[in-house]
Amino acid sequence: MLLLATLLAAQTVKSIEGQWAGTLENTGGDTLPLTLRIVRSAAGDLSGTLDSLKDGIYGLPLRGLNLTGDSVTFEVPLARASFTGGLAGDRMIGQSGNGQ
């Protein structure tokens with residue numbers, strides 16, 4: 001299943017780091033509120049977690065978080081999901097797929 005995601009930064013965007021809040025919308029129009037938290041280590045590596053507020057699930061680790069230019073990709077292994085998209089001003093917009 002392919003889902004559309006729009007996440008808004010909690011601050012003025014200068015980088016991908018920080019807290020992002022938004023929704024994941026399925027093809028039927030149902031939405032799922034999500035929060036991403038992204039940090040950069042001293043070595044420059046990105047990592048993050050995903051919260052699914054409606055499901056009461058917090059702190060799912062992101063894997064393979066990558067920012068190249070404005071393009072963003074990551075996986076959420078515990079949810080069998082992935083995201084491919086990009087930064088557009090204070091938004092992160094893209095598509096999410098899952099393994100179901």
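Here are four short exercises on the structure above, each with a worked solution.

This is a predicted model, in which local features need pLDDT of at least 70, side-chain atom pairs count only at pLDDT 80 or more, and totals for chains, interfaces and linings use all residues. Residues are numbered from 1 along each chain as its sequence is written, and side-chain values use heavy atoms, with hydrogens and water left out.

**Exercise 1. Get to know the chain**

Task: Find how many helices and strands the chain has, and where confidence is lowest and highest.

Solution:
- Step 1. Start with the terms: helices (H or I, at least four residues) and strands (E, at least two) are DSSP runs, numbered from the N terminus.
- Step 2. Count them: the chain has 0 helices and 9 strands, which gives the pattern β-β-β-β-β-β-β-β-β along the sequence.
- Step 3. Turn to pLDDT, the predictor's confidence in each residue, from 0 to 100. Its average over the chain is 85, and 84% of the residues score at least 70.
- Step 4. Locate the extremes: strand S1 (residues 2-9) is lowest, with a mean of 55, while strand S5 (residues 57-61) is highest, at 96.

**Exercise 2. Look at the aromatic rings**

Task: Work out which residues form the aromatic pair and how their rings are arranged.

Solution:
- Step 1. Recall the rule: rings of Phe, Tyr and Trp (its six-membered ring) pair if their centres lie within 6.5 Å; planes under 30 degrees apart count as stacked, over 60 as edge-to-face and the rest as tilted.
- Step 2. Search the whole structure, and 1 aromatic pair turns up. Phe74 and Phe83 form this pair, with 5.1 Å centre to centre and 20° between the planes, so it is stacked.
- Step 3. Check burial, where buried means under 20% relative accessible area, exposed over 50%, and partly exposed in between (1.4 Å probe, protein chains only). Phe74 is buried at 7%, and Phe83 is buried at 4%.
- Step 4. Widen the view: buried residues make up 32% of the 100 residues in the chain.

**Exercise 3. Follow the salt bridges**

Task: Say which parts of the chain are tied together by Arg40 and Glu17, and then examine the other salt bridges.

Solution:
- Step 1. Begin with the idea: side chains of opposite charge can pair when their charged atoms come close. A salt bridge is a side-chain nitrogen of Lys or Arg within 4 Å of a carboxyl oxygen of Asp or Glu, and the structure holds 3 of them.
- Step 2. Arg40 and Glu17 meet at 3.1 Å, N to O. Arg40 is in strand S3 (residues 31-40) and Glu17 is in the loop between S1 and strand S2 (18-25), so the bridge ties together parts 23 residues apart in sequence. Arg40 is partly exposed at 37%, and Glu17 is partly exposed at 30%.
- Step 3. Asp51 and Arg37 meet at 2.2 Å, N to O. This pair links strand S4 (residues 46-52) with strand S3, 14 residues apart. Asp51 is buried at 5%, whereas Arg37 is partly exposed at 35%.
- Step 4. Arg63 and Glu75 meet at 2.4 Å, N to O. Their bridge joins strand S6 (residues 63-68) to strand S7 (residues 71-76), 12 residues apart in sequence.

**Exercise 4. Trace one serine**

Task: Decide whether Ser96 is buried or exposed, and find what its side chain reaches.

Solution:
- Step 1. Place the residue: Ser96 belongs to strand S9 (residues 91-98).
- Step 2. Read its relative accessibility: at 9%, Ser96 is buried.
- Step 3. Follow the side chain of Ser96 to the backbone oxygen of Ser82, 2.9 Å away.

Technical notes:
A polar contact is a pair of N or O atoms within 3.5 Å; within protein, one must be able to donate a hydrogen and the other to accept it, and residues adjacent in sequence count only if both atoms are side-chain atoms.
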